[in-house]
Amino acid sequence: MKYISTRNKTVSISPSEAIIQGISKDGGLFVPSILPKVDDLDTCMNMNYKELAYMIMSKFFTDFESKELEDCIDKAYDNKFSTNKIVPIVKVEDVFFLELFHGPTFAFKDMALSILPYLLKTAMKIRDTHKEIVILTATSGDTGKAALEGFANVEGIKIIVFYPENGVSEIQKRQMITQEGDNTFVVGINGNFDDAQKGVKDIFNDKEFVNYLDKNNYILSSANSINIGRLIPQIVYYFYGYLTLLQQGHIEKNEKVNITVPTGNFGNILAAYYAKKMGLPVNMLICASNENNILSDFFNTGIYDRRRELILTSSPSMDILISSNLERLLFHLSGERDKMIEEKMNQLSCQGYYKMENLNIKDFYGSFSTEKEVSAIINKIFKKNNYLIDPHTAVAYNVYEKYKMETKDTTKTIIASTASPFKFGSKVAAAIGMDIEGKDQFSILEDMGTNANIAVPQAIKTLKHKKILHDNNCNIEDMEQMVKMFLKVGGTND
Ligand SMILES: *Cc1c(COP(=O)(O)O)cnc(C)c1O
């Protein structure tokens, strides 16, 4: 298995190199040169999560020895997940919620970020790299904490997280700024997620700076979904969810399902697309946006146009206008036309939009939810079924309802449930009609838990008394300076 760049497919590197590098030097993203097939789902029927993870990941991380990969998987999917199923499925009315939030930080980002540190350490061993790795991460709220949790106190690795100072939920922010571990550094930026993501990409592309760090024995890598070490582990749970439905008799062998994914950076839904291409019986991939409906517009018009204001919504992890991973889908769908992709991406950064001609996007349906619809859905599902969902998952459910109305399609549908409702307590509590006026975040969560008859997760409760360890803030143009400060490398290259 090789990984090739979406902007120059003659760039072809091994899995371990791709994990370490994160992003290609030409600015492109690495994609698998082929998508391996899973021919016989029957043989996977009785696999547990770890076994299935091995079956899938071993097809992608081919330069890992089997013992090494097994070891990574063993350490990742252990009792830091609150259920030994790792990913349970809950049937509510006619849909199946694939609960991806039972990891240590209560969002689906844990699914990949609990394994990425081990993949990276192993990749360094395979490449015989002795430099120190610096993980640079932009976060819209959930990646940051999940990456910090995964990388804290990992020897040979430092991690720096940039989050939009005013663009994350209170709990998300607290989770990050109370992070322990000498190798962690958390910075709020005066800007939104797109600014943070662009700032990080610019640092990666600043050759002089990268060389300078190299001389100081550091290499940069990424924990964002541009890293294939994050993307590939996300394929596993779509197979797992399908197999669970099969096992429980909800579907029959080879029966197709729809998959609905609340989408921001297009990583999670791209993993579902990969699963489909690998042979998972999937009918429609339903791409759900919040009021930042740039992807929904794209699927309906073929035009990707970021010339609009970013809106701060109650689903902050999807408040994104530049969905990085869409580049990968376009590369695949266009028949790997790398030069064309490069042109479109340059056009996006210079002119703010591009149009794709003759693209076959029949696998995808795109629509979006307004804030009002999100509240109404959370309320409706809770009142009817006593089941609480978070605002991201509510976006997905609402878009699924629109899809069903429009198409009359009755194919069974999996909804990626991406975060615990407790991570977005105020919004969820207000949506189910609780009076939250003047109450503090933690008492709201307690009341909400009582209301829904579920316990507030311990790790969220303890946030209340945790010491704030990171109070850094900077402007977008000073991100590089912050990196230097943390790494204690002087200003000799300025
Ligand atoms: C990151 C995130 C999303 C969006 O996932 P992408 O892979 O960026 O599309 C949706 N919901 C939650 C809770 C998230 O943390």
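This dialogue concerns a parallel sheet, its helices and a ligand in a predicted model.

Trainee: What should be known before reading the model?

Mentor: Residues are numbered from 1 along each chain as its sequence is written. In this predicted model, local features need pLDDT of at least 70, side-chain atom pairs count only at pLDDT 80 or more, totals for chains, interfaces and linings use all residues, and side-chain values use heavy atoms, with hydrogens and water left out.

Trainee: In what order do the 5 strands of the open sheet stand?

Mentor: Strands of a sheet pair through backbone hydrogen bonds, either parallel or antiparallel. Strands are DSSP runs (E, at least two residues), as helices are (H or I, at least four), numbered from the N terminus; two strands pair if DSSP finds at least two bridges between them. Here the order is β9-β6-β7-β8-β16, with parallel pairing. β9 (218-222) and β16 (472-474) are at the edges with a single partner strand each, so one side of each lacks a neighbour in the sheet.

Trainee: How many bridges join β8 and β16?

Mentor: Strand β8 (residues 184-189) pairs with β16 over 3 bridges. Val187 stands opposite Asn472 in β16.

Trainee: Which residues are closest to the ligand?

Mentor: A residue is near a molecule if one of its heavy atoms lies within 4 Å of it. The ligand is surrounded by 15 residues, the closest being Lys109, Asp142, Gly264, Asn265 and Thr418. A ligand oxygen atom is 2.4 Å from an N or O atom in the side chain of Asp142. For Asn265, a polar backbone atom is 2.7 Å from an oxygen atom of the ligand.

How values were computed: A polar contact is a pair of N or O atoms within 3.5 Å; within protein, one must be able to donate a hydrogen and the other to accept it, and residues adjacent in sequence count only if both atoms are side-chain atoms.
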